[in-house]
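Here are a few exercises to work through with the model open beside you. Try each task before you read its solution.

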Amino acid sequence: MVQLLRVMNFNVSSDGVGAGEHQSLELPFGLEHPERLFSWAGATASWPMRTDPGGSRGLDDYFTRDFAHNIGAEIMGRNKFGPQRGPWQDHEWQGWWGQEPPFRTPVFVMTHHLRPSFTLSDTTFHFTDAEPAAVLKEAREAAQGKDVRLGGGVTTIRQFLDAGLVDTLHVAVSPFELGSGLRLWDSPDDLLDRFHLEVVPSPSGVRHHLFWRR
């Protein structure tokens, strides 16, 4: 069985920006009001952090509901884990995600500065300084036959794209420009030499870009 490397529910603006350049503890995305990028998902009935009943059904809800389907491991960059730079100063701080991280799988955090693995609830974080192909090999072994999700951020996704390792991408493009920041692309057409593309508009205003390897 083929184990896919999948980018899922990744959010960018209409000019391809997925995060700001000045991340901090107070600004995890490096952006003011980052919810503009993912409000489409937060409005769905299947949003995992929903605390009240209701929410939309339909296309957006399908993508939110499918987020964990057949995923056995995740790969992320260090900036998705937390805002610290350089050598780890505080091993007591265990990331953005609280005591119940939403991943529920092994997570491989790419970093130049290693630290011991640890487990929170049913998520175990491993820290690796390996190259993308080696990280993917390790994540596939940990996934036990399931697919691997490439969680981001922008720089990490670009690394795996440049290495030719990504099999499918779902990118939700919001209908506004951010003007500056970390860009996933200048245009989605940048990927058409390697991927097929179908664009599906949603009533929420986002356009779901679905790429699969040629």
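**Exercise 1. Burial and overall form**

What percentage of the 214 residues of the protein count as buried? Then check the radius of gyration against the globule rule.

Solution. Before counting, note that this is a predicted model, where local features need pLDDT of at least 70, side-chain atom pairs count only at pLDDT 80 or more, and totals for chains, interfaces and linings use all residues. Residues are numbered from 1 along each chain as its sequence is written, and side-chain values use heavy atoms, with hydrogens and water left out.

Step 1: take buried as under 20% relative accessible area, exposed as over 50% and partly exposed as in between, with a 1.4 Å probe and protein chains only. On that basis, 45% of the 214 residues are buried.

Step 2: the rule, 2.2 Å times the number of residues to the power 0.38, is applied with a radius taken over C-alpha atoms. For 214 residues a compact globule would come out near 17 Å, and the protein agrees, with 17 Å.

Step 3: along the principal axes, the C-alpha atoms fill a box of roughly 45 × 40 × 35 Å.

**Exercise 2. Elements and the main core**

Which residues touch the most other members of the largest nonpolar core?

Solution. Step 1: list the elements, which are DSSP runs numbered from the N terminus: helices (H or I, at least four residues) and strands (E, at least two). The protein has 5 helices and 11 strands.

Step 2: define the core as a set of buried Ala, Val, Leu, Ile, Met, Phe, Trp, Tyr and Cys residues joined through side-chain atoms within 4.5 Å. The largest one holds 28 residues, and Leu5, Ile75, Phe160, Val166 and Leu169 touch the most other members. Elements giving two or more residues to this core include β1 (5-12), β3 (71-77), α4 (132-143) and α5 (154-162).

Step 3: zoom in on Leu5. Setting aside residues up to four places away in sequence, its contacts (heavy atoms within 4.5 Å) include Ile75, Leu136, Val148, Phe160 and Val166.

Step 4: look for a second core. Another one lies apart from the largest, with 10 residues, among them Phe103, Phe118, Leu120 and Phe125.

**Exercise 3. Unusual backbone**

Where is the cis peptide bond, and what are the phi values of Asn9 and Arg104?

Solution. Step 1: recall that most residues other than glycine have a negative phi, and most peptide bonds are trans.

Step 2: the cis bond joins Gly152 and Gly153, with omega about 0°. Gly153 sits in the loop between β7 and α5.

Step 3: Asn9, in strand β1, has a positive phi near 55°. Arg104, in the loop between α3 and β4, also isn't a glycine, yet its phi is about 60°.

Step 4: compare their surroundings. Asn9 has a relative accessible area of 15%, so it is buried; Arg104 has 53%, so it counts as exposed.

**Exercise 4. Two loop residues**

Are Gln84 and Asp122 buried or partly exposed, and what do they touch?

Solution. Step 1: Gln84 lies in the loop between α3 and β4 and is buried, at 18%. Leaving aside neighbours within four places in sequence, Gln84 contacts Arg78, Gln89, Asp90 and Trp93.

Step 2: Asp122 lies in the loop between β5 and β6 and is partly exposed, at 41%. Not counting residues up to four places away in sequence, Asp122 touches Arg104 and Thr105.
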